[in-house]
Amino acid sequence: GSLVLLAGPPGAGKTILATQIAFHLTNTGRRAMMLTALSEANAKLIAYLNGLDYFQPERIGESIQILNIQKLLTTEGLEATLAEIRGSLVEQRIDLLIIDSLRSLNALTNDPTGVQSFIFSLGSALFMVGCTTVLVEDQYTLDSNTTPEEAISDTILRLDVARAGRAAMRQLEIVKMRGANPLSGAHSFEITSTGLQVYPRLETLASEKEPPASDTRVGWGVPGLDALTHGGISAHNSTLVLGTAGIGKTTLGLQFVAHNVAQGERCLYLATHESAEELVQKAAGFGMHLQPAVDSGLLHFLEVPPGGTNIDRTMHAALSLTREHGVSRLVIDVINLLERDAAREGRFPDVLAALARFLRADGVTTLVMRVMTQIAGQELAFDGGPESPWTAIDNMVLMRPVELDGALNSVISVLKMRNSDHERSFHRINIGTDGLSVDGELTGLTGLLTGSARRTD
């Protein structure tokens, strides 16, 4: 019975959303009517909808009526059109009416005041019979001047296309919703063959589950690293692995996955730079045969296209896969691209905290790989202060190259482990035919954090 204003610029996806709602409604046995006011709009509309999965042509003329009211408006006027529509809706027991669009009504009648009265009268009449009205408006702009349509609408949905450099990102915002408390702000959505897919901002969602209690440790699958962390990672914790390019982060992630699938744990590997085939092949080069785990469903890959990163879509996909497949181990390799996407809007700290909260509540132990661009220097290019986005992460491990006696060496150190003791010394990293291993403690050295080590003697 409510009046919904569906607004946004041309090409934002308003008609797709309106018709998607209509076809969804008819799946429940109810009926919808769509009124257009442009010449040949019906034929074009049906032709465009034909490529969408939800479109069922057999319902046109049955549970969904699409009527062009241009001739009725121009010959009979607004009042006669209103009476005709009201009669048809009652006679056919219509549950949803879509008017596409307000701009067309104004253009055909050249009577904005009359159109406003038409919409108000129609909305009031349909409320009495429980019919919901969706009014499409493609001249809507969010400003301080409230239009009559906004004032009488019970709900306002605004679709938009935001620009980030050359890339475009579609957004949906619930500007107004009487009698409800919708999630605030703009949320990402995409238009695919299935219609609109909306990804609510992760930080606006509340976790309904408490983290499961556990005092177990999760092994790294890396010789020597369990000893540095006094038995491995606490279950359900998140761990940030910081490292320069080529230091062995991906190898570590693959060993973590291989070790855990061997224990019967279900794993998900989120890859932003390499395909699943490349990662399986790389693991095989170190003697880790992951294909059987993929075939059996113990291991899943989620590939993120570098040119089309959308942190909302990716995080929702990762959470969906963990829940669908009962995943208990997750590797994100690497998070830099997703971090850059969220940083444009200053959202990354909130998104990361929300992700860590959801994963912990789902009982998932997580490794997050992050590339450090600075190889050497007096300061590390890493924000670890109280306002850092990484405060939500339980543990931190540093992998970096150091110069020692004119040669390049790779070292690892545990920077932080929440509620757990750990070794605080540097250890050498070796990568051989069996993958990555951690050797004994490097003693008698200083300056390792700068990348240029010196012997203390």
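This is a short dialogue on reading backbone and overall features in a predicted model.

Reader: Ground rules before we start?

Author: The model is predicted, so local features need pLDDT of at least 70, side-chain atom pairs count only at pLDDT 80 or more, and totals for chains, interfaces and linings use all residues. Numbering runs from 1 along each chain as its sequence is written, and side-chain values use heavy atoms, with hydrogens and water left out.

Reader: What radius of gyration does the chain have?

Author: That radius is taken over C-alpha atoms, and the globule rule is 2.2 Å times the number of residues to the power 0.38. A compact globule of 457 residues would come out near 23 Å, but this chain has 29 Å. Its C-alpha trace spans about 100 × 45 × 40 Å along the principal axes.

Reader: Okay, backbone oddities. What's the usual pattern?

Author: Most peptide bonds are trans, and most residues other than glycine have a negative phi. Here, Asp100 and Ser101 are joined by a cis bond with omega about 15°. The Asp333 to Val334 bond is cis too, omega near -5°.

Reader: Where does Val334 sit?

Author: In the loop between strand E15 (329-333) and helix H13 (336-343); helices (H or I, at least four residues) and strands (E, at least two) are DSSP runs, numbered from the N terminus.

Reader: And which phi value does Asn110 have?

Author: Near 55°, so positive in a non-glycine residue. Asn110 is exposed, at 66% relative accessible area, while His230, with phi also near 55°, is partly exposed at 34%. Buried means under 20%, exposed over 50%, partly exposed in between (1.4 Å probe, protein chains only).
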